[in-house]
Amino acid sequence: MSRALIVIDLQIDFCPGGALAVAKGDRIVTPINALMRDADAVILTQDWHPADHASFADTHPGAAPFSQVQMPYGPQVLWPAHCVIGSKGAAFHPDLHTDRADLILRKGFRRGIDSYSAFFENDRTTATGLAGYLRDRGIDRLTLAGLALDFCVAWSAMDAARLGFQVQVIQDACRAIDMDGSLDAARDAMRQAGVTLA
Ligand code: VGL
Ligand code: ZN
């Protein structure tokens, strides 16, 4: 059995200067390129939203970015518009070794549902297909890194552990948004789920 490196959302909009910038998000590109050498498979995820996506504050008249609303599937943070399909901000960081990727998985492309996790959309039931891909390839161990540690990395790691994969998150190769204690909460939840925080 083998190990995959899953790089979460290392895109221009999540790096300094981007639409939903994560502090020092660009600092993890070099360590992630190095992690690719030890992996049997490399998978990149790409946040990929239509311009009128339901997770964008602009889509909800009067709503402020970083506020919360109730969606049919539960609470949802409203974000500044980011990673719009085909935009420059949706592209990967230019120094990321994208040529090493076996698979690029796009997520969040349905207008009405956000998708933090690489495995399930935020309704927690719509599958992305990644679990089947990994199982078909005989991959049982996952290394996760990328942006943002307290949202898409954490949700992906917890889903992966729940699905039976052995999961480690390389914290030095992640950066967090860290709003309202979200980083501490995500770390606790990941540990509870059996994720190794390296
Ligand atoms: C992310 C918020 C909205 C992430 C994506 O990659 O963590 N966060 N979309
Ligand atoms: Zn997004």
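Q: What makes strand β1 (residues 2–8) and β6 a parallel pair?
A: β1 and β6 are joined by seven bridges in the parallel sense, and two strands pair if DSSP finds at least two bridges between them. The strands themselves are DSSP runs (E, at least two residues), as helices are (H or I, at least four), numbered from the N terminus. This is a predicted model, in which local features need pLDDT of at least 70 and side-chain atom pairs count only at pLDDT 80 or more, while totals for chains, interfaces and linings use all residues. Residues are numbered from 1 along each chain as its sequence is written, and chains are lettered from A and ligands numbered from 1 in the order in which they are written.

Q: Which residues show the register of β1 against β6?
A: Ala4 stands opposite Leu142 in β6, and the bridge partner of Ile6 in β6 is Leu144. Helix α3 packs on this sheet, touching β1, β6 and β7 (166–175); a contact means C-beta atoms, placed from the backbone, within 7 Å. The direction of α3 makes about 170 degrees with that of β7, where axes are lines fitted to C-alpha atoms (for helices over the stretch in contact) and angles run from 0 to 180 degrees between N-to-C directions.

Q: What is the strand order of the sheet, and why are β5 and β8 (196–197) called edge strands?
A: The sheet is open, with six strands in the order β5-β2-β1-β6-β7-β8 and parallel pairing. β5 and β8 each have a single partner strand, so one side of each is left without a neighbour in the sheet.

Q: How many bridges join β6 and β7?
A: Six bridges join β6 and β7, in the parallel sense. At one of them, Leu147 of β6 has Arg175 in β7 as its partner.

Q: What makes the peptide bond between Leu147 and Ala148 cis?
A: The omega angle of that bond is about -15 degrees. Most peptide bonds are trans. Ala148 sits in the loop between β6 (139–147) and α3 (149–162).

Q: Which residues surround ligand 1?
A: Leu147 and Ala148 are both in the shell, together with Asp9, Phe14, Asp47, Trp79, Phe151 and Cys152. A residue counts here if its C-beta atom, placed from the backbone, lies within 6 Å of the ligand. By class, six of the shell residues are nonpolar, none is polar and two are charged.

Q: Why is Cys83 called buried, Gln171 partly exposed and Arg124 exposed?
A: The count is of other C-beta atoms (placed from the backbone) within 10 Å of a residue's own: 20 or more is buried, 12 or fewer exposed, and in between partly exposed. Cys83 has 25, and is therefore buried; Gln171 has 14, and is therefore partly exposed; Arg124 has 12, and is therefore exposed.

Q: What is notable in the backbone at Cys83 and Arg124?
A: Neither is a glycine, yet phi is positive: about 45 degrees at Cys83 and about 70 degrees at Arg124. Most residues other than glycine have a negative phi. Cys83 is in the loop between β4 (74–77) and β5 (103–107), and Arg124 is in the loop between β5 and α2 (130–136).

Q: Which residues does Gln171 touch, not counting those up to four places away in sequence?
A: Gln171, in strand β7, touches Leu149, Leu197 and Ala198. Its C-alpha atom is separated by 7.1 Å from that of Ala145, 26 residues apart along the chain.

Methods: Nonpolar A, V, L, I, M, F, W, Y, C, P; charged D, E, K, R; others polar. Contact = placed C-beta atoms within 7 Å.
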